[in-house]
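Visitor: I should like a close look at a single part of this model, with the criteria behind each term stated. Please treat one helix pair in detail and then place it in its wider setting.

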Amino acid sequence: DAQMDAVISLIAKAQQPELIDLSYLPSLEQRMGEKVAGLLEDCFSHLMNAFGWSYKEGMSPQRAKWLVQAPFWLLAAKVLRDKEVKSFEKIDLANFTATFGKLAKHYQSRHSEPSPVTVAKYQEAALTEVARKIDRFHSLELMSTEALGHIYESAIINKETRKRWGTHSTPVWLIDYMLARLRPLIADMPAAKRRVFEPAVGHGGFLVGALRVLDELMPEEDRADRKGYLRKRLSGVDIDDFSQE
């Protein structure tokens, strides 16, 4: 565990340890996901205690949704800032109102904040502390879709949700295998007709894998508008609100 944590620390600092065994990468991604999941769970508990909410007292669906969304949006903003995405480079997570607005604009969301919940002044202090907890966490510059999948599976999905929606993540190796088998068919299609639709998005593993394939096969003349080309060709749905987040 100590050796794994040391390698994660190196990765967080964008330093490549010499002679790293690539077979460790799935374990590293899982460990990274577990650490961020632990951070989110700590944030959930902090907010519930500060707000006086309890699962035992039958928390409303709207409150439960906000409880997950608010810290997750702050985490998303940190990931974008750590990856040096334009307009997020100097964002202050503790200014959560501005952070939520900027994130909604970035993702073209219809809502400028998480599921509306009236937050009192004393509760704002708790959300600010959660923002600072996330802000102090080590760099997520190399956060991967696989690590995000572990967060989704362990911190957001519970037994009731899994049973209700049949939620199970697909391992990245299986995603890569399926896309590799489909790649020749995709390559034979006219570039303008290449589109991917995922009917059960989950944490987005298939869409991210498909994005890589479409990006690699993209005609040179479309690279001037790479972002627009890819956005038009990737879509999906899921009946679980949290997986959409």
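Guide: What follows describes one helix pair, then the nonpolar cores, and finally a loop. The model is predicted, so local features require pLDDT of at least 70 and side-chain atom pairs count only at pLDDT 80 or more, whereas totals for chains, interfaces and linings use all residues. Residues are numbered from 1 along each chain as its sequence is written, and side-chain values rest on heavy atoms, with hydrogens and water left out.

The pair consists of helix 9 (residues 205-217) and helix 10 (residues 226-233), which pack at an angle of about 130 degrees with their axes 11 Å apart. Helix 9 is therefore oblique to helix 10. Helices (H or I, at least four residues) and strands (E, at least two) are DSSP runs, numbered from the N terminus. Axes are lines fitted to C-alpha atoms, for helices over the stretch in contact, and angles run from 0 to 180 degrees between N-to-C directions. Angles under 35 degrees count as roughly parallel, over 145 as roughly antiparallel, 65 to 115 as roughly perpendicular, and the rest as oblique.

Helix 9 contributes L211, L214 and D215 to the contact (heavy atoms within 4.5 Å), while helix 10 contributes R226, Y229, L230 and R233. In helix 10, the buried residues (under 20% relative accessible area, with a 1.4 Å probe and protein chains only; exposed is over 50%, partly exposed in between) are G228, Y229, L230 and R233. These buried residues pack against strand 1 (196-198), helix 9 and strand 2 (234-236).

The largest nonpolar core has 40 residues, and L74 is among those with the most contacts inside it. A nonpolar core is a set of buried Ala, Val, Leu, Ile, Met, Phe, Trp, Tyr and Cys residues joined through side-chain atoms within 4.5 Å. Helix 3 supplies the largest share of this core, twelve residues. A second, separate core of 14 residues includes L230, together with I186, V213 and L234. Leaving aside residues up to four places away in sequence, L74 touches L93, F96, T99, F100, L127, V130, A131 and I134.

The loop between helix 3 and helix 4 holds E84 and also S87. Phi is positive in both non-glycine residues, near 60 degrees for E84 and near 85 degrees for S87. Most residues other than glycine have a negative phi. E84 counts as exposed because its relative accessibility is 59%, whereas S87, at 42%, is partly exposed.
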